[in-house]
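Trainee: I've just opened this one and don't know my way around yet. Can we walk through a few residues together?
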Amino acid sequence: MGSMTVAAAPCADPCAALTAFGDAAALLDVRSRSLRWASPAWLALKPALGTGTPLSALERALPGLAAARIAALAGATSVRVGAALEWELQAAPFDGACLLRLTDRREQSRVVQRQLDDREQLLFTSRVISVGEMAATLAHELNQPIGAAANLLRGLRARLARRAAGLDADEAAALDRAIEQVMFASRVIARIREFTHNHQPRHARVDLAALLRASASLLDWDVRRTGARVSLELPEGGAFVRGDEVMLQQVIVNLMRNALDAMRTDPPEEPQLALRLLRRSGEVELQVCDNGCGLEDDAAAKLFVPFASTKPNGMGIGLSICRSFVELHQGRLWFSRNADRGATFHLGLPLVAATQATATTRNTP
């Protein structure tokens with residue numbers, strides 16, 4: 001016992017300091033190959049690894065500990081240890097022993113996983129809404145030619161029936177079947193239009209500034225891939241609108257992706273994406289400004305036309321969907337060319353008072 005008291009004395013002050021700071025720290029005795037001391041924070045994280053724990057048990061509980069000790073001798077600052085690399089371990093020589101400091105990274109991993117889940121949900125929702133809007137657009141575009149074909153078939157049958165020879169049974173049956181098939185297609189399209197039109201915005205009070213920050217965070221991987229510098233210019237106190245948060249986020253994300261695509265198509269020396277929110281009289285305006293390739297006259301003329309796209313793999317429904325969503329919120333969507341290069345897309349929505357009693361909005365960090 002006397003030898004243990006003498007050995008522990010040199011570390012009394014440092015150990016007390018680590019305890020006061022709340023660090024999860026422990027002192028590994030190299031000669032006895034066991035823990036000489038462990039802080040309360042260490043024991044809170046690893047209650048089974050207290051004073052007297054042999055090095056072999058430590059290495060089993062913290063895979064990578066041996067590598068961390070070797071790295072400490074080489075001057076490394078920290079090493080990830082644990083079966084799932086869920087701990088960050090710092091090791092440093094101290095008075096013939098090895099000082100260990102453990103940091104729990106599990107919460108950080110959970111935060112990252114939640115962000116990845118949010119991104120996946122965003123992509124899934126985007127696909128679902130895009131498919132619905134594409135079905136609605138197809139239904140609208142196909143409804144007129146199918147109706148015209150049905151009228152032509154009916155007119156042809158009536159004219160042939162009025163002829164002296166009339167129609168034989170096979171010809172009449174063929175025309176009747178053709179009319180039936182056309183009318184069946186018309187009913188299918190009517191059901192699709194009815195289904196897609198049932199999705200109306202869920203009106204709630206939304207802070208567009210918070211939604212813009214959240215959308216930019218969800219696209220951070222795409223921003224890094226482009227190498228763009230993103231700047232946010234937001235008004236103090238937020239900018240509140242009434243609308244469907246999911247629909248509005250789809251619009252924001254689509255406009256941001258288009259801006260990033262424009263900067264990858266014709267990369268500027270310093271790619272820049274500016275996101276601005278401006279409060280005007282009764283309206284909040286969102287500006288998504290890039291310094292990418294810009295828009296030619298032909299592309300600008302077909303910008304909101306369904307199935308017209310300047311992208312090699314584009315379907316040409318993104319901006320058409322965006323405009324539909326914005327119009328459902330009594331807003332407007334337009335674009336302008338920048339003075340130097342690139343384009344700016346503008347989204348205007350009716351502004352509501354920040355104190356108005358409404359539904360809750362998304363919480364963002």
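Mentor: Sure, and keep in mind that this is a predicted model. Let's start at Arg33, in the loop that links strand E1 (24-29) to strand E2 (34-38).

Trainee: Okay, is Arg33 buried, partly exposed or exposed?
Mentor: Its relative accessibility is 48%. Buried would need a value under 20% and exposed one over 50%. Arg33 falls in between, so the word for it is partly exposed.

Trainee: And what is the phi of Arg33?
Mentor: Arg33 isn't a glycine, yet its phi is positive. The value is about 55 degrees.

Trainee: Now Gln330: where does it sit?
Mentor: Gln330 also has a positive phi, near 55 degrees, without being a glycine. Look past helix H12 (318-328) and before strand E11 (332-337). Gln330 is in the loop between those two elements.

Trainee: Is Gln330 buried or exposed?
Mentor: Its relative accessibility comes to 59%. The cut-off for exposed is over 50%, so Gln330 counts as exposed.

Trainee: What about Leu208, buried or exposed?
Mentor: Leu208 belongs to helix H8 (residues 208-218). Its relative accessibility is 1%, and anything under 20% is called buried. Therefore Leu208 is buried.

Trainee: Which residues does Leu208 touch, leaving aside neighbours within four places in sequence?
Mentor: For distance along the chain, take Gly238, 30 residues from Leu208 in sequence, with 7.0 Å between their C-alpha atoms. For contacts, heavy atoms have to come within 4.5 Å. By that rule, the partners of Leu208 are Ala239, Val241, Ile252, Leu277, Val284 and Leu349.

How values were computed
Residues numbered from 1 in each chain as written. Predicted model: local features only at pLDDT ≥ 70, side-chain atom pairs only at ≥ 80, totals over all residues. Heavy atoms only, no water. Helix = DSSP H or I, 4+ residues; strand = E, 2+ residues; numbered from the N terminus. Buried < 20%, exposed > 50% of the residue type's maximum accessible area, 1.4 Å probe, protein only.
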